[in-house]
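Q: I'm new to this structure and would like a close look at one part of it. Could you walk me through a helix and the backbone features that come after it?

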Amino acid sequence: MELFPAAVFNPPKASRSRTAREAAAGRSVERLPFTVRRVETEADLLKAVRVRHAAYARHVPEFARSLAQPEAADYDADTIVLLAESKLDGTPIGSTRIRTNLYRPLGVEESVTLPDWLQGKRLVEATRLGIDEGRVGRMVKIALVKACFMYCEDNAIDYSVATGRSPVDRQYQQLMFVDVFPEQGMVPLRHVGNLPHRVMAFEIATFQQRWLEARHPMLNFFFNTHHPDIDIGPAAPPPSLIVPRRTELQAAQNRCEMAVA
(Lines give C-alpha, C1' and ligand atoms only; values in the text may rest on other atoms or scores of the structure.)
Protein backbone atom coordinates (compact mmCIF):
# COMPACT_ATOMS: atom_id res chain seq x y z
CA MET A 1 0.00 0.00 0.00
CA GLU A 2 1.34 3.41 -0.95
CA LEU A 3 2.07 5.77 1.90
CA PHE A 4 1.83 9.00 -0.07
CA PRO A 5 -0.55 10.22 -2.81
CA ALA A 6 0.56 9.95 -6.42
CA ALA A 7 0.42 13.73 -6.75
CA VAL A 8 3.36 13.96 -4.39
CA PHE A 9 5.37 10.89 -5.34
CA ASN A 10 5.52 10.24 -9.05
CA PRO A 11 6.41 6.82 -10.50
CA PRO A 12 10.15 6.30 -11.05
CA LYS A 13 9.77 5.32 -14.71
CA ALA A 14 9.89 8.97 -15.75
CA SER A 15 13.54 9.12 -14.72
CA ARG A 16 14.17 7.83 -18.25
CA SER A 17 13.57 11.36 -19.51
CA ARG A 18 16.41 12.60 -17.32
CA THR A 19 18.60 9.75 -18.56
CA ALA A 20 17.91 10.69 -22.17
CA ARG A 21 18.44 14.39 -21.49
CA GLU A 22 21.74 13.86 -19.73
CA ALA A 23 22.94 11.36 -22.34
CA ALA A 24 22.20 13.94 -25.02
CA ALA A 25 24.31 16.42 -23.09
CA GLY A 26 27.25 14.05 -23.40
CA ARG A 27 27.44 13.02 -19.77
CA SER A 28 29.21 9.80 -18.94
CA VAL A 29 27.26 7.12 -17.06
CA GLU A 30 28.45 5.85 -13.71
CA ARG A 31 26.86 3.10 -11.64
CA LEU A 32 26.91 3.21 -7.86
CA PRO A 33 26.95 0.28 -5.37
CA PHE A 34 23.70 1.65 -3.93
CA THR A 35 20.50 3.35 -5.03
CA VAL A 36 18.93 6.63 -3.97
CA ARG A 37 15.18 6.98 -4.36
CA ARG A 38 12.09 8.57 -2.87
CA VAL A 39 10.34 6.87 0.00
CA GLU A 40 6.92 5.68 -1.18
CA THR A 41 5.76 3.05 1.33
CA GLU A 42 5.59 2.62 5.07
CA ALA A 43 8.31 -0.03 4.84
CA ASP A 44 10.56 2.44 2.98
CA LEU A 45 9.96 5.09 5.61
CA LEU A 46 10.80 2.73 8.46
CA LYS A 47 14.10 1.93 6.73
CA ALA A 48 14.87 5.64 6.47
CA VAL A 49 13.96 6.17 10.12
CA ARG A 50 16.21 3.30 11.20
CA VAL A 51 19.32 4.71 9.53
CA ARG A 52 18.39 8.26 10.62
CA HIS A 53 18.05 7.24 14.25
CA ALA A 54 21.29 5.25 14.25
CA ALA A 55 23.24 8.17 12.75
CA TYR A 56 21.94 10.72 15.25
CA ALA A 57 22.42 8.31 18.16
CA ARG A 58 26.17 8.29 17.48
CA HIS A 59 26.50 12.07 17.85
CA VAL A 60 23.50 13.48 19.72
CA PRO A 61 22.02 10.51 21.63
CA GLU A 62 19.56 12.54 23.71
CA PHE A 63 17.97 14.15 20.64
CA ALA A 64 18.07 10.80 18.81
CA ARG A 65 15.51 9.40 21.22
CA SER A 66 12.89 11.57 19.53
CA LEU A 67 13.79 10.10 16.13
CA ALA A 68 13.14 6.43 16.84
CA GLN A 69 9.77 6.62 15.07
CA PRO A 70 8.55 8.47 11.94
CA GLU A 71 7.85 12.15 12.50
CA ALA A 72 4.72 14.00 11.41
CA ALA A 73 6.87 15.98 8.96
CA ASP A 74 7.71 12.75 7.09
CA TYR A 75 4.10 12.63 5.88
CA ASP A 76 3.66 16.25 4.82
CA ALA A 77 2.65 16.93 1.22
CA ASP A 78 5.45 19.48 0.76
CA THR A 79 8.10 17.00 1.86
CA ILE A 80 9.93 14.05 0.36
CA VAL A 81 12.19 11.56 2.12
CA LEU A 82 15.14 10.09 0.23
CA LEU A 83 16.48 6.64 1.01
CA ALA A 84 19.84 5.14 0.00
CA GLU A 85 19.99 1.34 -0.05
CA SER A 86 22.80 -1.13 -0.69
CA LYS A 87 22.41 -3.01 -3.96
CA LEU A 88 23.94 -6.06 -2.32
CA ASP A 89 21.25 -6.75 0.25
CA GLY A 90 18.87 -3.78 0.37
CA THR A 91 20.29 -2.50 3.66
CA PRO A 92 19.42 1.17 4.31
CA ILE A 93 22.67 3.15 4.34
CA GLY A 94 21.52 6.76 4.15
CA SER A 95 18.53 9.08 4.23
CA THR A 96 17.55 12.73 4.22
CA ARG A 97 14.33 14.73 4.14
CA ILE A 98 13.62 17.64 1.80
CA ARG A 99 10.97 20.24 2.59
CA THR A 100 10.00 23.26 0.49
CA ASN A 101 8.51 26.60 1.46
CA LEU A 102 5.97 26.44 -1.35
CA TYR A 103 3.04 26.08 1.06
CA ARG A 104 4.43 27.13 4.45
CA PRO A 105 7.66 28.44 6.00
CA LEU A 106 10.68 26.20 6.41
CA GLY A 107 11.41 24.52 9.71
CA VAL A 108 14.33 26.86 10.35
CA GLU A 109 11.90 29.79 10.26
CA GLU A 110 10.42 28.61 13.55
CA SER A 111 13.58 30.00 15.14
CA VAL A 112 14.87 32.76 12.85
CA THR A 113 13.61 35.36 10.40
CA LEU A 114 15.41 34.90 7.12
CA PRO A 115 17.02 38.04 5.63
CA ASP A 116 15.51 40.06 2.78
CA TRP A 117 17.56 38.32 0.08
CA LEU A 118 15.78 35.05 0.90
CA GLN A 119 12.30 36.53 1.34
CA GLY A 120 9.85 35.69 -1.46
CA LYS A 121 12.21 33.07 -2.88
CA ARG A 122 11.51 29.42 -3.58
CA LEU A 123 13.45 27.57 -0.89
CA VAL A 124 14.18 24.03 0.23
CA GLU A 125 15.62 22.79 3.48
CA ALA A 126 17.24 19.37 3.77
CA THR A 127 17.10 17.90 7.28
CA ARG A 128 17.55 14.61 9.12
CA LEU A 129 20.60 13.60 7.10
CA GLY A 130 21.78 10.23 8.34
CA ILE A 131 24.55 8.07 6.89
CA ASP A 132 25.81 4.58 7.73
CA GLU A 133 29.38 4.50 9.04
CA GLY A 134 30.53 1.99 6.42
CA ARG A 135 33.22 2.60 3.82
CA VAL A 136 30.78 3.95 1.22
CA GLY A 137 29.34 6.46 3.69
CA ARG A 138 31.01 9.53 2.16
CA MET A 139 29.83 8.64 -1.34
CA VAL A 140 26.30 8.01 -0.04
CA LYS A 141 26.29 11.48 1.51
CA ILE A 142 27.46 13.12 -1.72
CA ALA A 143 24.86 11.16 -3.72
CA LEU A 144 22.10 12.33 -1.38
CA VAL A 145 23.31 15.92 -1.78
CA LYS A 146 23.25 15.50 -5.56
CA ALA A 147 19.71 14.13 -5.33
CA CYS A 148 18.70 17.23 -3.37
CA PHE A 149 20.12 19.51 -6.03
CA MET A 150 18.39 17.48 -8.75
CA TYR A 151 15.14 18.08 -6.87
CA CYS A 152 15.91 21.81 -6.71
CA GLU A 153 16.57 21.90 -10.43
CA ASP A 154 13.36 20.07 -11.28
CA ASN A 155 11.24 22.32 -9.03
CA ALA A 156 12.70 25.72 -9.95
CA ILE A 157 14.08 26.28 -6.46
CA ASP A 158 16.05 29.50 -5.90
CA TYR A 159 18.03 28.60 -2.77
CA SER A 160 18.80 25.57 -0.68
CA VAL A 161 18.91 26.41 3.03
CA ALA A 162 20.93 24.13 5.30
CA THR A 163 21.59 24.06 9.01
CA GLY A 164 24.61 22.27 10.39
CA ARG A 165 25.95 21.70 13.87
CA SER A 166 29.72 21.68 14.33
CA PRO A 167 31.61 20.05 12.61
CA VAL A 168 28.90 19.21 10.01
CA ASP A 169 28.69 22.89 9.07
CA ARG A 170 32.16 22.69 7.53
CA GLN A 171 30.89 20.15 5.04
CA TYR A 172 28.31 22.66 3.79
CA GLN A 173 31.05 25.27 3.62
CA GLN A 174 33.07 22.93 1.41
CA LEU A 175 30.05 22.73 -0.89
CA MET A 176 30.19 26.56 -1.07
CA PHE A 177 27.14 27.33 1.04
CA VAL A 178 27.34 30.83 2.55
CA ASP A 179 26.33 32.05 5.99
CA VAL A 180 22.84 33.51 6.24
CA PHE A 181 23.81 35.29 9.48
CA PRO A 182 27.58 35.82 9.15
CA GLU A 183 27.80 37.94 12.30
CA GLN A 184 25.62 35.73 14.48
CA GLY A 185 27.34 32.35 14.52
CA MET A 186 25.50 29.28 15.80
CA VAL A 187 21.76 29.59 16.45
CA PRO A 188 19.63 27.25 18.63
CA LEU A 189 16.93 25.76 16.39
CA ARG A 190 13.60 24.48 17.67
CA HIS A 191 13.05 21.88 14.94
CA VAL A 192 16.35 20.15 15.79
CA GLY A 193 16.00 19.95 19.56
CA ASN A 194 17.26 23.51 20.21
CA LEU A 195 20.78 22.41 19.31
CA PRO A 196 23.03 25.25 18.07
CA HIS A 197 23.33 25.19 14.27
CA ARG A 198 24.94 27.36 11.64
CA VAL A 199 22.36 28.60 9.11
CA MET A 200 23.64 28.57 5.52
CA ALA A 201 22.25 28.96 2.00
CA PHE A 202 23.21 28.02 -1.56
CA GLU A 203 22.00 29.74 -4.75
CA ILE A 204 20.87 27.13 -7.27
CA ALA A 205 20.98 29.28 -10.45
CA THR A 206 24.73 29.97 -10.11
CA PHE A 207 25.62 26.50 -8.82
CA GLN A 208 27.46 25.14 -11.84
CA GLN A 209 29.21 28.41 -12.73
CA ARG A 210 30.54 28.94 -9.19
CA TRP A 211 31.81 25.39 -8.95
CA LEU A 212 33.39 25.67 -12.39
CA GLU A 213 35.21 28.88 -11.43
CA ALA A 214 36.34 27.33 -8.15
CA ARG A 215 37.43 24.09 -9.87
CA HIS A 216 35.44 22.23 -7.26
CA PRO A 217 36.60 18.61 -6.87
CA MET A 218 33.01 17.30 -7.11
CA LEU A 219 32.19 19.18 -10.34
CA ASN A 220 32.35 16.08 -12.56
CA PHE A 221 30.26 13.99 -10.17
CA PHE A 222 27.48 16.59 -10.12
CA PHE A 223 27.49 17.98 -13.65
CA ASN A 224 29.39 15.74 -16.06
CA THR A 225 28.19 12.33 -14.89
CA HIS A 226 24.78 10.70 -15.07
CA HIS A 227 23.96 8.38 -12.17
CA PRO A 228 20.97 6.19 -13.08
CA ASP A 229 20.96 4.86 -9.52
CA ILE A 230 19.92 8.30 -8.22
CA ASP A 231 16.21 8.48 -9.06
CA ILE A 232 14.09 11.27 -7.59
CA GLY A 233 11.23 10.68 -10.03
CA PRO A 234 10.06 12.81 -12.95
CA ALA A 235 10.12 16.57 -13.08
CA ALA A 236 6.69 18.15 -12.72
CA PRO A 237 5.54 21.75 -13.31
CA PRO A 238 6.41 23.48 -10.03
CA PRO A 239 3.52 25.08 -8.14
CA SER A 240 3.34 28.78 -7.45
CA LEU A 241 4.94 30.12 -4.31
CA ILE A 242 2.22 30.78 -1.74
CA VAL A 243 4.31 30.99 1.42
CA PRO A 244 3.10 33.73 3.83
CA ARG A 245 4.95 37.02 3.77
CA ARG A 246 7.33 37.83 6.61
CA THR A 247 4.90 40.35 8.13
CA GLU A 248 2.23 37.66 8.30
CA LEU A 249 4.68 35.25 9.93
CA GLN A 250 5.66 37.83 12.55
CA ALA A 251 2.01 38.55 13.31
CA ALA A 252 1.35 34.84 13.81
CA GLN A 253 4.36 34.53 16.11
CA ASN A 254 3.16 37.51 18.15
CA ARG A 255 -0.28 35.94 18.54
CA CYS A 256 1.32 32.72 19.79
CA GLU A 257 3.48 34.58 22.30
CA MET A 258 0.46 36.50 23.59
CA ALA A 259 -1.50 33.28 23.97
CA VAL A 260 1.31 31.70 26.00
CA ALA A 261 1.62 34.77 28.19
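A: Helices here are DSSP runs of H or I with at least four residues, and they are numbered from the N terminus. Keep in mind that this is a predicted model.

Let's start with helix H4, which covers residues 137-154. Its 18 residues should span 26 Å at 1.5 Å a residue, and its end C-alpha atoms are indeed 26 Å apart, so the two agree. As for its surroundings, 14 of the 18 residues of H4 are buried, so the helix is largely enclosed by the rest of the structure. Buried, by the way, means under 20% relative accessible area. Just after H4 comes Ala156, with a positive phi of about 55°.

Carry on along the chain and you get to strand S6 (159-164), then a loop, then helix H5 (168-174); Pro167 sits in that loop. The peptide bond leading into Pro167 from Ser166 is cis, with omega near 5°.

On the other side of H5, the loop to strand S7 (178-179) holds Met176. Met176 isn't a glycine, yet its phi is positive, near 80°. Its relative accessible area is 25%, so Met176 counts as partly exposed.

One last stop: Arg215, in the loop between helix H6 (207-214) and helix H7 (219-224). Arg215 is another non-glycine residue with a positive phi, about 50° here. Exposed means over 50% relative accessible area, and Arg215 counts as exposed because its relative accessibility is 75%.

Methods:
Residues numbered from 1 in each chain as written. Predicted model: local features only at pLDDT ≥ 70, side-chain atom pairs only at ≥ 80, totals over all residues. Heavy atoms only, no water. Helix = DSSP H or I, 4+ residues; strand = E, 2+ residues; numbered from the N terminus. Buried < 20%, exposed > 50% of the residue type's maximum accessible area, 1.4 Å probe, protein only. Expected span 1.5 Å × (residues − 1).
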